[in-house]
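This briefing goes through the fold of one protein chain, its sheets and one of its pockets. Please read it alongside the sequence and the structure shown here.

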Amino acid sequence: MRSPMQMPAVVMFFLGVVGHTRADHVLLLVDDAPPGQLAVATVDLTGAARWCKVDAVNPRGVRAVTVVEGEEVPFQFVPGVDFDPQNRIAGTAVFRMPPGSDGRLRLEFASAETPKTEAWDGTVTTPAYVVEHDSKKEGGLPSAITFPKTGKRFEGFRGNDRVYDAEKGWFGLRNDPEPSVELVARGPLCTVVRVRARYMKSAREAPPSKPEAVYDWHYFHDRPLVYVRAEMRQEEPYA
């Protein structure tokens, strides 16, 4: 059931090389994506890029067009946590299917200039909300939200993502004194902030397995929605 807010759909990708087009084109068959609405999907394009003989992929150069008209579709490829331009071209695709679409898009790997490093204060601003990421607060997770239309500001809330040990108690992300807050994508559809933090009890105490979490916060530009992906990992198994 789709909600009245028309949340971004998580869809399936079927990749296949288009035999009658250029060698650097790949056909995307999108299953059950709502025309005119946002869609979000986890994709691994490593095999497709190798088939197309693309040596290295620039995430900003991945684009999508309609198969028949060749019209460009609003599209962003957000590199995943372990993205490598040659060996692991995996991440999240965010796009808007055009009205009347038959579910087919042509994916292209194009060259793109690497943007210059810009100063960024951890704030993401959209018409619906303003979110602040501060590496000195809450382990880099959102620490303040402001709604421009009303001027209301919320802060002082807690991000209680944590792990638990029967003897030592809980270890939380917000206790990490040195989290990483990175602006990984800013495109036509969304801005993506990646937060990496360790589960800690204090600035010096972490579990022996050294668990950590990586959060990708997708802030959409034209609607009051946020899409969040999280990966948890640890250096050693915990028993």
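## Pocket, sheets and overall fold

In this predicted model, the element S19 supplies the largest share of the lining of the second largest pocket, namely four residues. S19 also belongs to an open four-stranded sheet in the order S16-S17-S18-S19, and the points below take up the pocket, then this sheet, a further sheet and the chain as a whole.

**The second largest pocket**

- The second largest pocket holds about 210 Å³ of space, and its lining is made up of 19 residues.
- Among these lining residues, Gly80, Val81, Gly91, Arg229 and Glu231 are the ones that lie nearest the centre of the pocket.
- Two or more lining residues come from each of strand S7 (75-79), strand S8 (90-96), strand S18 (212-220) and strand S19 (226-233).
- Sorted by class, the lining of this pocket comprises eight nonpolar residues, four polar residues and seven charged residues.

**The sheet that contains S19**

- The four strands of this open sheet follow the order S16-S17-S18-S19, and their pairing is antiparallel.
- Strand S16 (180-186) and S19 each have a single partner strand and stand at the edges, so one side of each is left without a neighbour in the sheet.
- On average, and with direction ignored, neighbouring strands of this sheet are turned by 15 degrees against each other.
- Six bridges connect S16 with strand S17 (residues 190-198) in the antiparallel sense, and Arg186 has Thr191 in S17 as its bridge partner.

**A further four-stranded sheet**

- Another open sheet of four strands has the order S10-S11-S12-S13, with its pairing antiparallel.
- Its edge strands are strand S10 (123-125) and strand S13 (152-155), each of which pairs on one side only.
- From one strand to the next, the twist in this sheet averages 15 degrees.
- S10 and strand S11 (residues 130-133) run antiparallel and are joined by three bridges, and the bridge partner of Thr125 in S11 is Val130.

**The chain as a whole**

- The secondary structure of the protein chain consists of one helix and 19 strands.
- Of the 239 residues in the protein chain, 45% are buried, where buried stands for under 20% relative accessible area.
- Among contacts in the protein chain with a separation of 6 or more, 58% are between residues 24 or more positions apart.

Terms used: Residues numbered from 1 in each chain as written. Predicted model: local features only at pLDDT ≥ 70, side-chain atom pairs only at ≥ 80, totals over all residues. Heavy atoms only, no water. 1 Å grid on protein atoms, 1.4 Å probe; cavity = no way out; pocket = protein on both sides within 12 Å on 5 of 7 lines; lining within 4 Å. Points joined across faces, edges and corners; volume = space filled by probe spheres on them. Nonpolar A, V, L, I, M, F, W, Y, C, P; charged D, E, K, R; others polar. Pairing = 2+ DSSP bridges. Axes fitted to C-alpha atoms, helices over the stretch in contact; angles between N-to-C directions. Buried < 20%, exposed > 50% of the residue type's maximum accessible area, 1.4 Å probe, protein only. Contact = heavy atoms within 4.5 Å.
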